[in-house]
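Student: I would be grateful for a close look at a single helix and its surroundings in this structure. Please treat the subject as one connected account.

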Amino acid sequence: MESLETELERAHDIPVSELADAIESIGFECTRCGGCCTAVEADDADTEPHTATVFPDEVQRLQSAAADAGEEPYDWRDVARPMPYGLDDTGGKPEGETFEWALQTDSCGDCAFYTESDDGTGACTVHEDRPLVCRTYPFSLALAGTAEPMGEAVDGEGLVRAHECEGLGRDITREDAEELAAALKERTIRDIEEAIGVRDNYEPTDAAGVVVHDSEGQKRPDGTVLPDEG
C-alpha cells in the first residue's frame, strides 16, 4: 500500500483534462432530485441520516458566510456533527472517538441545508459555499486516503468512480466537465491532506463523551479543542 504522501503526489500530478475526459465519458447532469442530500433508506425499511464529509475549514467558511450575509452566525453544531462511524451509542448517548466531521442533519435525517419546493425540486441554501464533497458528487477518485460518497461505485473510467445517482449517463458540456474535474482534484488533494493531518496530530485521549480527531487536533462535538492533557 502506497503512503499517503505518495498518494498526495499522485493526486497533484493528475491532469484535470484527464479527469474531465472520464467525467465526459460517464456523463452527468444534476436533476435536483435531492438524493445526495437526504436520508437513505436502509435494508430494514428504516432510514439512515445523510452522511457527507466536511473539512474543518469548510465548517468555518459556512459560519463566516452567514455572518458576512448579515445573518446570525452558525454555531459549529449547526453546520457539522461528529462522523458517527466508530461511535458507541448503545447507552443512548454517543461515546468514543471518530476521525471526521459530517454535515449536520435535521430531524428527518436530511442535510440541514437542504430545502425542497412544493414540486419536489431540491435546492441547497448554502449553494455558493457548499463543501467540496457536494460540489463533486457523484464522483470520487480511486486513491488511498480519500473519502468516498455514500453508496457503492456503479461506474468508472480510469481513476474516476461514479456513485449511484439518477443524473449519471446524461450529456455534460466540456466546460462543466472541466469545472467538476477541477473540484474533484481539489477535493481529492484535500482528503489526503486531511488524512495526513489527522495522522500527524493524533493523540490518544481519555476524555469522556465524543472526541473528533481532525487535522487541527482533538475536538468536542461543538468544535472546541480539547485542552492539552500533557
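Tutor: A residue is called buried when its relative accessible area is under 20%, exposed when that area is over 50%, and partly exposed in between. The model discussed here is a predicted one, and the part chosen for this account is helix H3 (56-68).

Within H3, the buried residues are Pro56, Glu58, Val59, Leu62, Gln63 and Ala66. The length of the helix can be checked as well. At 1.5 Å a residue, the 13 residues of H3 should span 18 Å, and the C-alpha atoms at its ends are indeed 18 Å apart, so the expectation and the model agree.

Beyond the end of the helix, Ala69 belongs to the loop that runs between H3 and helix H4 (76-79). With a relative accessibility of 51%, Ala69 counts as exposed, because the cut-off for that class is over 50%. Gly70, which also follows H3, has a positive phi, near 80 degrees. From Ala69 to Gly91 the sequence advances by 22 residues, while the C-alpha atoms of the two lie 40 Å apart in space. In the neighbourhood of H4, Arg77 makes a salt bridge with Asp75, with 3.2 Å between the closest N and O atoms. Both partners are partly exposed: Arg77 has a relative accessibility of 45%, and Asp75 one of 34%.

H3 also takes part in a salt bridge of its own. The side chains of Asp57 and Arg190 meet at 2.6 Å, N to O. This pair links distant parts of the chain, since Asp57 lies in H3 and Arg190 in helix H6, 133 residues apart. Asp57 is partly exposed, at 32% relative accessible area. The structure holds 11 salt bridges.

Helix H6 leads to a further pair. Glu178 and Arg174 form a salt bridge at 3.1 Å, N to O; both lie in H6, four residues apart, which is about one turn of the helix. Glu178 is partly exposed at 36% relative accessible area, and Arg174 is likewise partly exposed at 27%. Through salt bridges with shared partners, Asp21, Glu24, Arg174 and Glu178 are joined into one network.

The nonpolar interior can now be considered. The largest nonpolar core has 23 residues, and Ile23, Phe139 and Val160 have the most contacts inside it. At least two of its residues come from each of helix H1 (4-13), helix H2 (16-26), strand E9 (139-141), strand E11 (160-163) and helix H6 (174-201). H6 supplies the largest share, seven residues. Another core, of 17 residues, lies apart from this one and includes Leu62, Leu103, Cys111 and Phe113. Leu62 is one of the buried residues of H3.

Cys111 raises the matter of disulfides. A search of the whole structure finds zero of them. The sulfur of Cys111 is 6.1 Å from the closest cysteine sulfur, in Cys37, and is therefore too far for a bond, given that a disulfide requires two sulfur atoms within 2.5 Å. Cys30 presents a similar case: its closest cysteine sulfur, in Cys36, is 6.3 Å away, too far for a bond. The settings of Cys111 and Cys30 may be set side by side: Cys111 is buried, with a relative accessible area of 7%, whereas Cys30 is exposed, at 53%.

Notes:
Residues numbered from 1 in each chain as written. Predicted model: local features only at pLDDT ≥ 70, side-chain atom pairs only at ≥ 80, totals over all residues. Heavy atoms only, no water. Buried < 20%, exposed > 50% of the residue type's maximum accessible area, 1.4 Å probe, protein only. Core = buried A, V, L, I, M, F, W, Y, C linked by side-chain atoms within 4.5 Å. Expected span 1.5 Å × (residues − 1). Salt bridge = Lys/Arg side-chain N within 4 Å of Asp/Glu carboxyl O.
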